[in-house]
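Colleague: I've got this model open and I'd like to learn how to read it. Could you walk me through it?

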Amino acid sequence: MAQDLVLEIAGLEKTFNPGRSNAVTAISDLYLAVRPREFVSIIGPSGCGKSTLLRLVGGLIEPTAGELSVNGRSAQEARLGRDYGMVFQAAGLLDWRTAIRNVELPLELMGWSKLRRRKRAKEMLELVDLGGFASHYPAELSGGMQQRVSIARALSFEPSLLLMDEPFGALDEMTREYMQTELLKIWRETATTVIFITHSIPEAVFLSTRVAVMSPRPARIAAELPIDLPERTPQTRDTEEFFRDVSLVRRTLRSVEGQ
Amino acid sequence: MADLSSTRRTRARRTLIFAAFLVALALLYTGYKAFGQAIDDSQRDWWVVGSFLPRSDDKNMPPVLDILAEFGEAPREGGTTIGRLTLDGALFTLREAAVGFAAGTIIGLAIAVVLLQSRRAERGVLPYVIASQTVPLIAIAPIVVVWGRTGLEFLPWEWQDWMSVSLIATYLTFFPVAVNGLRGLQSPSPEATELMQSYAASRRQILRRLQLPASLPFLFPALRIAATASVVGAIVGEISAGVRGGLGRLILDFAGKYITGPERLYVAIIGACITGLVAVGVVAAAERLLLARRGIVAQ
Ligand SMILES: Nc1ncnc2c1ncn2[C@@H]1O[C@H](COP(=O)(O)OP(=O)(O)OP(=O)(O)O)[C@@H](O)[C@H]1O
Ligand SMILES: [Mg+2]
């Protein structure tokens with residue numbers, strides 16, 4: 001396997017409850033390769049297997065067949081080596097911990113000293129513009145702020161791969177666009193590779209260097225569209241190129257769903 | 001953030017409400033008594049109210065002030081007062097209940113953690129945990145005491161009769177703790193668990209940092225129920241097993257002298273109520289301490 005790939009997937013298949021009457025093949029014959037520093041969005045029909053793909057990549061579930069390697073090793077090894085930062089649609093903060101203690105959680109599990117993890121957590125909160133909310137509890141933060149804490153937490157231990165499953169799905173449009181700009185800033189500053197699942201075509205286009213379109217179940221990657229926007233600022237959303245790419249992705253998705 | 005002065009204000013308000021409640025209770029008691037007596041006194045040969053409602057003469061319902069005065073009375077001239085006897089008995093019973101409660105909490109949590117490990121274990125064992133509570137404790141208590149006296153010589157410490165009573169409190173505590181504890185341990189979402197796994201957290205780390213803290217809001221209601229059950233269980237256990245030194249024995253003694261001095265039994269009953277309230281109060285204080293700092297101010 002090529003060493004310069006962060007993620008390489010070949011012939012991946014996942015069947016839930018195999019051999020039983022309720023067996024579901026969520027993913028079949030899926031290929032995908034991601035290079036360092038890429039921002040790949042995955043978009044596809046509802047229920048096609050996007051979350052399943054992400055959990056396979058994250059080593060949370062085992063594939064039925066096929067090969068999957070992260071930084072040249074298995075997903076399990078990568079997980080135990082803390083290669084992943086994960087962010088889900090629900091922020092998943094522990095509500096009995098303050099924002100900063102939530103960000104510290106992974107570092108605590110890794111046995112960092114109190115002083116060191118405090119310092120890092122503080123930096124991460126500043127990175128997501130929440131420096132002033134360190135001692136707030138999740139219940140005292142808005143949904144967008146909670147999600148930013150969740151991102152800070154995922155990035156706190158500098159994983160090489162950030163896996164995000166509809167992280168902004170529960171946010172309103174304005175917050176969502178703000179978070180997108182924020183995420184791009186973080187992505188540039190931290191040299192992470194991102195795999196980003198979304199239902200929003202404009203979101204995928206705005207964020208990504210590449211959009212992968214999944215087919216209906218059993219899912220595979222039906223098309224990969226490189227996105228080549230000259231710059232990505234809030235104004236980008238009103239440009240000709242942006243509209244062109246959005247409609248390209250939309251047409252591709254439609255043709256895939258129609259199959 | 002819990003604002004300190006407002007917390008103090010709610011606490012003061014609650015104390016006030018409780019005091020008002022006690023006064024209302026005393027007034028209700030006195031009012032019923034006055035009403036019943038007024039009617040019953042109009043008839044010499046039979047009870048009008050007292051034939052179908054509790055009789056309200058001083059033998060059956062001693063006046064509130066007499067009951068209060070009884071706290072300071074001593075059965076023997078210059079001896080220990082009734083209030084003091086009740087306090088000593090209450091402390092004895094409270095110790096039994098507390099030891100049993102602590103053991104029951106530990107055992108209950110241990111069972112919950114074991115059942116958490118597999119659905120199959122849960123399905124297989126939980127029915128037995130539930131069935132365990134159908135055993136009539138009043139009947140078992142004397143057996144446990146005899147056991148304690150004869151069968152527990154292998155223990156490194158000497159088994160005391162009151163420990164048998166504690167065992168009853170343990171028995172009453174472990175059940176709600178195990179059942180609610182298990183529900184609490186299972187309460188984190190699958191995503192929360194997967195997040196922990198993505199940090200390569202071990203099972204033990206997931207238990208300690210995620211599942212145990214998440215279980216606390218489920219656990220405390222069980223602990224509050226168990227605290228009162230422990231006190232009541234201990235009193236009943238003392239009575240049925242004939243263990244002396246606690247409220248149970250005191251209640252038995254005073255009940256025997258009810259005809260000549262009913263006030264005493266009322267004192268012991270008030271003592272038992274206060275003991276139960278103390279037990280719940282300690283649990284509630286621990287709950288406030290552990291849960292209040294969660295942004296969502298507990299209660
Ligand atoms: N643990 C599981 N057991 C059985 N079937 C599952 C399990 N997880 C997912 N599936 C099935 O796999 C398929 C894909 O699910 P998945 O959650 O990956 O879809 P998705 O693309 O993320 O959907 P959405 O867009 O709604 O988030 C679905 O049909 C689902 O029912
Ligand atoms: Mg999904």
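Modeller: Happy to. Keep in mind that this is a predicted model. Let's begin with a sheet in chain A: 3 strands make an open sheet in the order 2-1-4, and their pairing is antiparallel.

Colleague: Which are the edge strands there?

Modeller: Strand 2 (24-34) and strand 4 (65-70) of chain A, each of which pairs on one side only. Ignoring direction, neighbouring strands in this sheet are turned by 25 degrees against each other on average.

Colleague: How many bridges join strand 1 to strand 2 of chain A?

Modeller: Strand 1 (residues 7-16) and strand 2 of chain A run antiparallel and are joined by 7 bridges. For a landmark you can click on, take Lys14(A): its bridge partner in strand 2 of chain A is Ile27(A). Helix 1 of chain A packs on this sheet and touches strand 1, strand 2 and strand 4 of chain A. The helix direction makes about 120 degrees with that of strand 1 of chain A.

Colleague: What about the sheet of 6 strands in chain A: in what order do they come?

Modeller: The order is 5-6-7-3-8-9, again in an open sheet, and here the pairing is mixed. Strand 5 (84-87) and strand 9 (221-226) of chain A stand at the edges with a single partner strand each, so one side of each has no neighbour in the sheet. The average turn between neighbouring strands is 15 degrees, direction ignored.

Colleague: In which sense do strand 3 and strand 8 of chain A pair?

Modeller: Parallel: strand 3 (residues 39-43) and strand 8 (residues 210-214) of chain A pair over 4 bridges. Look for Val40(A), whose bridge partner in strand 8 of chain A is Arg210(A). Helix 1 (residues 50-57) of chain A packs on this sheet too, touching strand 3, strand 6 (161-165), strand 7 (193-197) and strand 8 of chain A. Its direction makes about 150 degrees with that of strand 7 of chain A. Then there's helix 8 (residues 240-258) of chain A, which lies across strand 3, strand 8 and strand 9 of chain A and runs at about 170 degrees to strand 9 of chain A.

Colleague: On to chain B. How many helices and strands does chain B have?

Modeller: 10 helices and 0 strands. As for overall shape, the C-alpha trace of chain B spans about 80 × 55 × 40 Å along its principal axes. Chain B has a radius of gyration of 24 Å, while a compact globule of 299 residues would have one near 19 Å.

Colleague: And how should I describe two packed helices?

Modeller: You give the angle between their axes and the distance between the axes. Try that on helix 8 and helix 10 (residues 262-291) of chain B: they pack at about 160 degrees, with axes 9 Å apart. That angle makes helix 8 of chain B roughly antiparallel to helix 10 of chain B. The crossing is right-handed. Residues of helix 8 of chain B in this contact include Phe220(B), Leu223(B) and Val231(B), and those of helix 10 of chain B include Ala279(B), Val280(B) and Val283(B). By class, the contact has 15 nonpolar, 4 polar and 2 charged residues.

Colleague: At what angle do helix 8 and helix 9 of chain B cross?

Modeller: Roughly 60 degrees, and the axes of helix 8 (residues 203-241) and helix 9 (residues 247-256) of chain B come within 7 Å. That makes helix 8 of chain B oblique to helix 9 of chain B. Among the residues making the contact are Ile235(B) and Ile239(B) from helix 8 of chain B, plus Leu247(B) and Leu252(B) from helix 9 of chain B. The contact divides into 6 nonpolar, 2 polar and 2 charged residues.

Colleague: How do helix 5 and helix 8 of chain B cross?

Modeller: The axes of helix 5 (residues 137-150) and helix 8 of chain B come within 8 Å and cross at roughly 65 degrees, in a right-handed crossing. Val144(B) is one of the residues of helix 5 of chain B in this contact, and Gly233(B) is one of those in helix 8 of chain B. This contact has 8 nonpolar, 3 polar and no charged residues.

Colleague: Last one: how many residues does each chain give to the contact between chain B and chain A?

Modeller: 15 residues from chain B and 20 residues from chain A. On the side of chain B, helix 7 (190-198) and helix 8 of chain B are the elements that give two or more residues. Helix 7 of chain B gives the most, with 6 residues. By class, that side has 7 nonpolar, 4 polar and 4 charged residues.

Definitions and conventions: Residues numbered from 1 in each chain as written. Chains lettered and ligands numbered in written order. Predicted model: local features only at pLDDT ≥ 70, side-chain atom pairs only at ≥ 80, totals over all residues. Axes fitted to C-alpha atoms, helices over the stretch in contact; angles between N-to-C directions. Parallel < 35°, antiparallel > 145°, perpendicular 65-115°, else oblique. Contact = placed C-beta atoms within 7 Å. Nonpolar A, V, L, I, M, F, W, Y, C, P; charged D, E, K, R; others polar. Pairing = 2+ DSSP bridges. Rg over C-alpha atoms; globule rule 2.2 N^0.38 Å. Left-handed = near helix turned anticlockwise from the far one by under 90°.
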